[in-house]
Amino acid sequence: MTSTQNPTNVAAVQTAAQDRQIRPRPVMDRLPKYAAGKPPAVIEGLQPYKLSSNENPLPPIPEVLEAIQSQHNIQRYPDPLSTALRTELSRFLDVPAEDIVTGAGSLGALVQILQTFAGQSEDGTADEVVYAWRSFEAYPIMIGLSGAASVQIPNQADGSHDLEAMAAALNERTKVVLLCTPNNPTGPALTTAQVEDFLAKVPQDVVVVIDEAYTEFVRDPEVVDGIKAYKKYPNVIVLRTFSKAHGLANLRVGYSVSNPELTQHLRVAATPFAVSSLAEDAAIASLKHYDKVVERVQSLVDERDRVVAGLSELGWKIPESQGNFVWLPLGENAQGFAAYAGEQALSVRAFPNEGVRVSIGEVEANTRFLSLCANYTKGPGVS
């Protein structure tokens, strides 16, 4: 210690340093935590089924499993541009490969969009992202992490987007709008007419994201096709994924499609090597044998229709679902219903004081779900 140092001051500095703690950004205290679907409880005598996550209960097609097994270069980094996959998607979607940016699932692709177009403006104020609520629960988390502010517009009574209210919420701070169609977790999808009417009210400098994670399950011909929309509207970005219909949720591969004026910026924000070569090969194999994927998806749609018809016969009133799940508007009884399902070795996804989302699973799981719904008499979802 030099002669100019005061031992008392040194001790005070050391004490202050010891008292300091590593603290996260203030926004972290305001963000909700993502709640993944929980596994089912083990009940003696019952086969457990997980219906709490929007997963495909069926495995990928055999050609995908073969492609995965033949992958021998996992010690090497993958192609950061996913060139082979984008080339195959270009053929499949009839769009330029340059318009496609891959990501770790559609959520990874969405993060790239938010990081590119929404955050803090030059004057220090937060940009705004407008979206329906309730919708995909990762939206507010990722928006907050980007530095932007969430503007949540309540769904209509039938669980669909209130597009008029969303349009009215737009202002000079709005940078991105999210349209989730079909909407997770409530189920309704937006029609072409609805989306085009909405887009006519959106300024051209606002990015409109059409999140189509469940597009393969849609059977209503009036529902919007995001690919057609992006070809017509320069400010539209489409999100799609291989997690649901293709059964590749664990491999994390999705993508966005938009015009070159937008993709040139998205590539800068894209996480390097986000899509592994394993995931890329699997996705390509699935696209090349898409007819087999369609057969599996149709079997799930058939099961969805059976579940919806069964609920209707039991007197349940639920929103129209175009995804691979159904929504029970149980309000304050949501958690009680989830606990009741758990006693039957079924895990479902409860949103406290709102409702319960139940994914379409194996035939036996769906039948057991209908059986417990027949015996459940509480809540506003039942007539």
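Which residue of β12 stands opposite glycine 331? The answer is glutamate 354, and the strands around this pair are described further below.

The structure is a predicted model, in which local features need pLDDT of at least 70 and side-chain atom pairs count only at pLDDT 80 or more, whereas totals for chains, interfaces and linings use all residues. Residues are numbered from 1 along each chain as its sequence is written, and side-chain values use heavy atoms, with hydrogens and water left out.

**Strand β7 and its partners**

Helices (H or I, at least four residues) and strands (E, at least two) are DSSP runs, numbered from the N terminus. Strand β7 covers residues 236-241, and six of its six residues are buried, so the strand is largely enclosed by the rest of the structure. Buried here means under 20% relative accessible area, with exposed over 50% and partly exposed in between (1.4 Å probe, protein chains only). In a regular strand, side chains alternate between the two faces of the sheet. In β7, Val236, Val238 and Arg240 point one way, while Ile237, Leu239 and Thr241 point the other way.

Two strands pair if DSSP finds at least two bridges between them. The table lists three such pairings.

| Pair | Sense | Bridges | Opposite residues |
|---|---|---|---|
| β6 (residues 207-211) and β7 | parallel | four bridges | valine 208 and valine 236 |
| β7 and β8 (residues 254-257) | antiparallel | four bridges | leucine 239 and serine 256 |
| β9 and β12 (residues 354-359) | antiparallel | five bridges | glycine 331 and glutamate 354 |

From β6 the chain passes through helix α8 (residues 226-232) to β7 in a right-handed β-α-β crossover. Right-handed means that, with the strands pointing away from the viewer, the path from the first strand over the helix to the second runs clockwise.

**A sheet of three strands**

Strands β9, β12 and β11 form an open sheet in the order β9-β12-β11, with antiparallel pairing. Its edge strands are β9 (325-331) and β11 (349-351), each of which pairs on one side only.

**Two packed helices**

Helix α4 (residues 105-117) packs against helix α5 (residues 138-146) at an angle of about 35°, with their axes 10 Å apart. Axes are lines fitted to C-alpha atoms, for helices over the stretch in contact, and angles run from 0 to 180 degrees between N-to-C directions. Contact means heavy atoms within 4.5 Å. On α4 the contact is made by Leu107, Leu110, Val111 and Leu114, and on α5 by Ala138, Tyr139, Met142, Ile143 and Ser146.
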